[in-house]
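Trainee: I would like to go through this model slowly and ask, at each step, what a term rests on. Could we begin with the overall build and then turn to single residues?

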Amino acid sequence: QITQGTHANPLFVIDELDKVTTTWGDPLGALYQLHEPRSSAIFCDKSVPWLRFDASRANWVGTANDVSELHPALRSRFVEIDVTAPARDALCAIVQRLYVDLLTEYSVTSRFPPRLAEAQMSAILGKSIREAKRLLRLALAQALRTNCNELSFIIASQAHVPPRIGF
């Protein structure tokens, strides 16, 4: 643990920094201090003022769907890496893997084909990974409810939205 000095350089991952609400103050405020060499060496969080520790060797990874929502001072303390959506082949492999995992999770591998058909794959490509998984779950549930051995996807039409990478 960092407070007991047993790890020289821990890695902290803070997911979706852009989703943090500032309704009751600035919960990311401590990150400003933690990313400065001098102040991170004697860091003291306001919630536990009696506990000082050295976080100067900590490594930080932050994720955000929309970095424009972050304060420029916070953005300047991170190295930004833009992660683009996977190529079609990679996306097909991910969706196929999700499908197989769901078949295994629901113990229905013998009831459904081991691979999604091209039409089924095309129906969910262009969606985020999270949305693809949701659609697969819904299609499997519908097929099981109706005692059908084929998946069909009901996708609400919407204005064209660029694909997101969300998991």
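Mentor: The chain of this predicted model has six helices and four strands, and read along the sequence these elements follow the pattern β-α-α-β-β-β-α-α-α-α.

Trainee: What makes residues 59-62 count as strand β4?

Mentor: A strand is a DSSP run of E with at least two residues, and strand β4 covers residues 59-62, with V61 lying in it, so the run meets that requirement.

Trainee: How do you know how confident the predictor is in the chain and in its elements?

Mentor: The scale for this confidence runs from 0 to 100, and on it the chain has a mean pLDDT of 84, with 89% of its residues reaching 70 or more. Among the elements, helix α1 (residues 29-34) has the lowest mean, 83, whereas α4 has the highest, 94.

Trainee: What share of the chain counts as buried, and what makes a residue count that way?

Mentor: A residue is called buried when its relative accessible area is under 20%, and 27% of the 167 residues of the chain count as buried. The accessible surface of the chain comes to about 11600 Å², and 55% of that surface belongs to carbon and sulfur atoms.

Trainee: Why is the set that includes V95 and F112 called a nonpolar core?

Mentor: The name requires buried residues of certain kinds, Val, Phe and Leu among them, joined through side-chain atoms within 4.5 Å. The largest such core has 22 residues, and those with the most contacts inside it are V95, F112, L116, L136 and L151. Helices α4 (88-105), α5 (118-124) and α6 (129-145) each supply at least two residues of this core. There is also a second, separate core of twelve residues, which includes F53, A58, L74 and F78.

Trainee: Which residues does L151 touch, leaving aside those up to four places away in sequence?

Mentor: L151 touches Y99, F112, L116, Q120, A139, L140 and A143, and touching here calls for heavy atoms within 4.5 Å. For the chain in general, 63% of the contacts with a separation of 6 or more are between residues 24 or more positions apart.

Trainee: Why is the pairing of R97 with D101 called a salt bridge?

Mentor: Side chains of opposite charge can pair when their charged atoms come close. The cut-off for the name is 4 Å between a side-chain nitrogen of Lys or Arg and a carboxyl oxygen of Asp or Glu, and the closest N and O atoms of R97 and D101 are 2.8 Å apart, so this pair qualifies. The two are four residues apart in helix α4, which means that about one helical turn separates them.

Trainee: What makes R97 exposed but D101 partly exposed?

Mentor: Exposed means over 50%, and partly exposed lies between 20% and that value. R97 has a relative accessible area of 51% and is therefore exposed, whereas D101, with 34%, is partly exposed.

Trainee: How do you know that R137 and E105 also form a salt bridge?

Mentor: Their closest N and O atoms are 3.6 Å apart, and this value is within 4 Å, so the name applies. The pair links distant parts of the chain, since R137 is in helix α6 and E105 is in helix α4, 32 residues apart. Both R137, at 29% relative accessibility, and E105, at 48%, count as partly exposed.

Trainee: How far apart in sequence are E131 and R134, whose side chains also meet in a salt bridge?

Mentor: They are three residues apart in helix α6, and about one helical turn separates them, while the N to O distance in their salt bridge is 2.7 Å. By the rule we have been using, the count comes to seven salt bridges.

Trainee: What makes V61 suitable for a nonpolar patch on the surface?

Mentor: A patch takes residues with over 30% relative accessible area, and V61 has 37%, so V61 passes this cut-off. With L11 and V13, V61 forms a nonpolar patch whose accessible area together is about 270 Å².

Trainee: What is worth noting about phi of S107?

Mentor: Phi of S107 is near 55 degrees, a positive value in a residue other than glycine. S107 is found in the loop between α4 and α5, and its relative accessibility of 64% is over 50%, so S107 counts as exposed.

Notes
Residues numbered from 1 in each chain as written. Predicted model: local features only at pLDDT ≥ 70, side-chain atom pairs only at ≥ 80, totals over all residues. Heavy atoms only, no water. Buried < 20%, exposed > 50% of the residue type's maximum accessible area, 1.4 Å probe, protein only. Patch = residues over 30% accessible without salt bridge, like charges linked within 9 Å, V, L, I, M, F, W, Y side chains within 5 Å. Areas by Shrake-Rupley, 256 points an atom, 1.4 Å probe, with all protein chains shown as cover.
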